[in-house]
Structures are given as structure tokens and as C-alpha cells.
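Got your viewer open and a selection box ready? Here's a walk through the model, stop by stop, with what to pick at each one.

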Amino acid sequence: MDTNPLPASAFGAPAVLLSGPVDHDMYRSFRSQFDAAADRDLVVVELTTLGGDPEVARMMGEDIRFHTDLSPNRRFVFLGKAAIYSAGTTFMSFFARPNRYLTRGTRLMIHERKLSKEIKLNGPLTTCVASVKAALHEIECSIEIQNEGFANLVRDSQVSLDEVLRRAPENWYIEAGHAQELALIEAVL
């Protein structure tokens, strides 16, 4: 895979343009535009988002990962504009670090996944225990998935996984220039 830095001119006509919440509508738009770019050797995916569904971000990211492995002669590049929050940062983490770019002034936001759930215990005690264990397993699995994404994000950077785990609970905002200094991205355009 070519990892040479790209000039600004390479971003003039992105193959995939996405903005808004990361949701199933965005995924449909992503797949439609992504599939239409099947003949391109350089596929730039431009995104602006305040966040959304982390599992949808992972679906889009897995498409990038799969096609990167399937077509090593093609280059899939991320361009973040203005705001790349939450699920947008998760999506960005699926791109190889040399293929991550942000526009000047863009902010990344990294935070822990959120959960809102009530557990109602009613019935035989063994059923109550099973309900509590099921909720605990959901939380534990979500933490594992979250931390896999954090590990992808910081791979080949100057940021440790421990630092992300320490800062994510309080919503860590990183300006584009600082993201480049930390080697989370290749360059700022």
C-alpha cells in the first residue's frame, strides 16, 4: 500500500461525501457512494459528524478494512472536516494512520461508549441473577469493543492506550494540528 503523503489536490473530488449523524441512513449513503467508486485507485472518504451509532461506524469501518485487505493496490483515505466526534472517530480508526487527514481547525472527540438501561428484577431469584449477569456481560463486551477501537486509533501514534482510557471518560477533544503532532493523523490540509 502506498503511504506517501498526499497533496491537497488529491482531495478535490472525494469519492464519498458524508455529513450528519452516523446512522443507518449514513451507512446506506456510504455504501452507495463507496460501491460507485469501485474503479478508483484512490478513494477519499470525507466526513463531518457530531457522532452517532458506534456499531454503524464499525460497519463502515469494516468495509474499509475489508476492501483495504482485498485490494492492496487501492488506497482508502479519510478526510475529516470541521467535527469528527465520537462514532466519527471510531470510523476514522479503521483507516491506516498514513491515510488519515483533517482539515484545518477540525476537532476530534474521543469518549467512552454510553449506556442507558434500567434493570427490572421481578420473578424467581435465579431469573433475577440471569438478568443481572446478562446486563454485566453486555457492559463488559461493549468495553472490549470500545477498547479495540481505541487501540486501532492510537496504533502507530504517540498516544498510549492508557492515555486514551484515562481521558475518554471526560470527552477528549483534539484539534487537528495537535492530532498531527500526536501522530494520530498524517496531515492537516
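The tour goes from the whole chain to the strands, the cores, the salt bridges and a patch on the surface.

**Stop 1: the whole chain**

Before you select anything, keep in mind that this is a predicted model. Show the protein chain as a cartoon and you should find 6 helices and 7 strands. Trace the cartoon along the sequence and the order reads β-α-β-α-β-α-β-β-α-α-β-α-β. Switch to the C-alpha trace, and the span along the principal axes is about 65 × 35 × 25 Å.

Now turn on a surface. The accessible area of the protein chain is about 10,100 Å², and carbon and sulfur atoms own 52% of that. Of the 189 residues, 42% count as buried. If you like contact maps, here's one number to go with the picture: among contacts with a separation of 6 or more, 72% are between residues 24 or more positions apart.

**Stop 2: strands 3, 5 and 6**

Select residues 107-110, which make up strand 5, and add residues 75-85, which are strand 3. In which sense do strand 3 and strand 5 pair? They run parallel, with 3 bridges between them. To see one of the bridge pairs, pick I84 and its partner L108 in strand 5.

Next add residues 172-175, strand 6. Strand 5 pairs with strand 6 too, here in the antiparallel sense and over 4 bridges. For a landmark on that side, show I110 and W172, which stand opposite each other.

**Stop 3: the cores**

Nonpolar side chains in soluble globular proteins tend to be buried together. To look at that here, show F30, F91 and L102 as sticks: they have the most contacts inside the largest nonpolar core, a set of 39 residues.

Stay on L102 and expand the selection to what it touches. Leaving out residues up to four places away in sequence, L102 is in contact with F78, L79, G80, I84, M92, L108, A176, A179, I185, A187, V188 and L189. Two names there should ring a bell: I84 and L108 are the bridge partners from the strand stop.

Apart from the largest core lies another one, of 7 residues. Select L6, F11, Y101 and A187, which are among its members.

**Stop 4: P54**

Jump to P54, which sits in helix 2 (residues 54-70). Is P54 buried or partly exposed? Its relative accessible area is 25%, so P54 counts as partly exposed. Beyond its neighbours within four places in sequence, P54 contacts A87, T90 and R113. Try a distance label as well: the C-alpha atoms of P54 and F91 are 8.2 Å apart, with their positions 37 residues apart along the chain.

**Stop 5: salt bridges**

There are 12 salt bridges in the structure, and three make a good sample.

- Start with D35 and R31, whose closest N and O atoms are 2.6 Å apart. Both are in helix 1 (residues 24-36), and because they are 4 residues apart, about one helical turn separates them. D35 is partly exposed, at 43% relative accessibility. Add D63 to the selection, and you have a network of salt bridges linking R31, D35 and D63.
- Move on to K81 and E46, with 3.4 Å between the closest N and O atoms. This pair links distant parts of the chain, 35 residues apart: K81 is in strand 3 and E46 in strand 2 (residues 42-49). Color by accessibility and the two ends part ways: K81 is partly exposed at 33%, while E46 is buried at 14%.
- Last of the three, pick E138 and K117, where the closest N and O atoms are 2.6 Å apart. E138 is in helix 4 and K117 in the loop between strand 5 and helix 4, so this salt bridge ties together parts 21 residues apart in sequence. E138 is partly exposed, with a relative accessible area of 32%, and K117 is partly exposed as well, at 47%.

**Stop 6: a nonpolar patch**

Keep helix 4 (residues 125-154) on screen and find I139 in it. Which residues join I139 in a nonpolar surface patch? Select L115 and I143: together with I139 they offer about 250 Å² of accessible area. I139 itself counts as partly exposed, at 37% relative accessibility.

Terms used. Residues numbered from 1 in each chain as written. Predicted model: local features only at pLDDT ≥ 70, side-chain atom pairs only at ≥ 80, totals over all residues. Heavy atoms only, no water. Patch = residues over 30% accessible without salt bridge, like charges linked within 9 Å, V, L, I, M, F, W, Y side chains within 5 Å. Areas by Shrake-Rupley, 256 points an atom, 1.4 Å probe, with all protein chains shown as cover. Salt bridge = Lys/Arg side-chain N within 4 Å of Asp/Glu carboxyl O. Buried < 20%, exposed > 50% of the residue type's maximum accessible area, 1.4 Å probe, protein only. Pairing = 2+ DSSP bridges. Core = buried A, V, L, I, M, F, W, Y, C linked by side-chain atoms within 4.5 Å. Contact = heavy atoms within 4.5 Å.
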